[in-house]
Amino acid sequence: MKLEGIKVVDLSWFLPGPYLTTALADHGAEVVKIEPPGEGDPGRHIRPMDERSSVFFRNMARGKKSVVLDLKSEQGRVDLFRLCCEADVIVESFRPGVAARFGIGYDAVKTKNPGIVYCSISAFGQHGAYPGRAAHDLALEAMTGVLSLTLGDDGRPAIPGIPIADVVSGLHGLSGVLMALLRRQTTGKGDYIDISMHEALMASCANVVGTAFTEDRQPDVKRQRTTGGSAFYRIYDTSDGRQLVLAGQEMKFVKNLLNALGRPELAPLCEWPGAHQKPAMDFLETTFRQKPLAHWMDWLAGLDICYGPVNTLPEAIADPNLLKRGAVLTVDDGRKHFAPVVRFRDEPSRPLYREPLLGEHTEEIVGLRRP
């Protein structure tokens with residue numbers, strides 16, 4: 001696998017850091033997860049539970065090794081520093097300054113291990129206007145304006161279904177780690193990576209900040225091309241209380257559907273988003289309400305357009321395309337997992353679809369290293 005031989009110390013909890021380190025483990029890195037004594041990583045206890053641990057934890061800890069260290073004790077800090085000095089990568093998600101207080105900040109580790117690639121993920125970065133301030137995904141969605149763009153039919157902000165700030169910051173951290181490892185091959189030196197979840201989510205708004213950048217003005221959300229102002233990027237009800245979406249605004253898709261429905265004269269309205277598209281929206285709303293979702297899925301399959309059903313999660317997991325591609329797996333113990341998204345043809349990943357028991361590898365990894 002691509003990352004065999006890479007050793008990672010994982011000092012992160014919840015989603016951004018573990019999302020990053022799970023990708024490293026999936027592709028062959030040895031990821032040592034440091035957990036506190038007692039209850040271990042809080043993710044172990046996020047319901048629903050599933051045999052050995054929670055579904056959340058096994059999704060974020062598969063293929064890793066668990067080492068329990070008490071970082072409040074001198075011996076725990078000594079053991080951790082030793083592990084960090086032997087590692088290729090460190091990922092931590094403490095508040096700024098905490099890692100240094102534990103004696104495993106970048107400068108301390110770099111002195112002993114100049115090749116270390118050290119990634120810190122925090123809500124607002126290691127320096128800035130909010131030093132030490134805590135925040136989780138929803139607060140960052142609010143602060144970046146993402147919630148102001150995600151409005152329900154009542155015009156109020158709606159909570160997105162996935163924690164996008166967590167995911168994008170984990171992916172930015174992953175790209176930073178891999179870039180630093182690549183550069184290290186020629187320089188022999190590692191680097192420090194400062195990932196701000198605030199910045200990562202703000203940068204994800206690149207396609208919707210047009211009026212904010214040019215006019216210092218909030219866009220009229222319900223009139224924008226991807227947030228409600230286009231008949232062909234919109235959610236429609238069907239007769240059985242379900243929904244479908246149209247999600248392709250290119251004129252070829254617009255004409256293909258409207259021609260098939262006998263209303264080609266509406267196509268010119270759909271070139272640009274805005275209130276002028278209302279006749280097309282009204283027609284499509286009336287049309288789709290006449291028959292059930294299953295009928296429309298069969299009918300739309302015969303056209304070259306972008307569309308999809310609004311699936312429940314169980315329906316989504318059972319999607320024939322995901323199943324055919326092996327994207328959702330049921331492993332030997334009967335539990336489901338998502339397969340790695342990054343697929344290499346010549347050197348495929350071979351993930352270990354098993355999360356560690358708390359402290360399962362402490363003696364193996366730490367005990368043998370103590371003098």
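1. Helices, at least four residues long, and strands, at least two, are DSSP runs, and they are numbered from the N terminus. With that naming in hand, and bearing in mind that this is a predicted model, one can place Asp 319 in the loop between helix H14 (313–317) and helix H15 (320–325). Asp 319 has a relative accessible area of 26%, and it therefore counts as partly exposed, since that term covers values between 20% and 50%. As for its distance from Glu 250, the two residues are 69 apart in sequence, while their C-alpha atoms are 26 Å apart in space.

2. A second point concerns helix H11, which runs over residues 251–260 and in which Phe 253, Val 254, Leu 257 and Leu 258 are buried. These four residues lie on the same side of H11, because they cover an arc of only 120 degrees around the axis. What do the buried residues of H11 pack against? Their partners are strand E10 (243–247), helix H12 (278–288) and helix H13 (293–300). Just after H11 comes Gly 262, which takes a positive phi of about 80 degrees.

3. The pair formed by helix H1 (residues 16–26) and helix H8 (residues 164–187) also deserves a look, for their axes come within 8 Å and cross at roughly 45 degrees. An angle of this kind makes H1 and H8 oblique to each other, and their crossing is right-handed. On the H1 side the contact involves Pro 16, Tyr 19, Leu 20, Ala 23 and Leu 24. These residues meet a set in H8 that includes Asp 166, Val 167, Ser 169, Gly 170 and Leu 171, and, further along the helix, Gly 173, Leu 174, Val 177 and Leu 178.

4. The last point is about cysteines, and it helps to recall that a disulfide is a covalent bond between the sulfur atoms of two cysteines. How many disulfides does a search of the whole structure find? The search finds zero, and two residues may serve to illustrate the reasoning. For Cys 85, the closest cysteine sulfur is in Cys 84, at 6.9 Å, which is too far for a bond, because a disulfide needs the two sulfur atoms to be within 2.5 Å. For Cys 119, the closest cysteine sulfur is likewise in Cys 84, but at 13 Å, so this pair is also too far for a bond. As to their surroundings, Cys 85 is partly exposed, at 21% relative accessibility, whereas Cys 119 is buried, at 0%.

Note on methods: Residues numbered from 1 in each chain as written. Predicted model: local features only at pLDDT ≥ 70, side-chain atom pairs only at ≥ 80, totals over all residues. Heavy atoms only, no water. Buried < 20%, exposed > 50% of the residue type's maximum accessible area, 1.4 Å probe, protein only. Arc of directions from axis to C-beta. Contact = heavy atoms within 4.5 Å. Axes fitted to C-alpha atoms, helices over the stretch in contact; angles between N-to-C directions. Parallel < 35°, antiparallel > 145°, perpendicular 65-115°, else oblique. Left-handed = near helix turned anticlockwise from the far one by under 90°.
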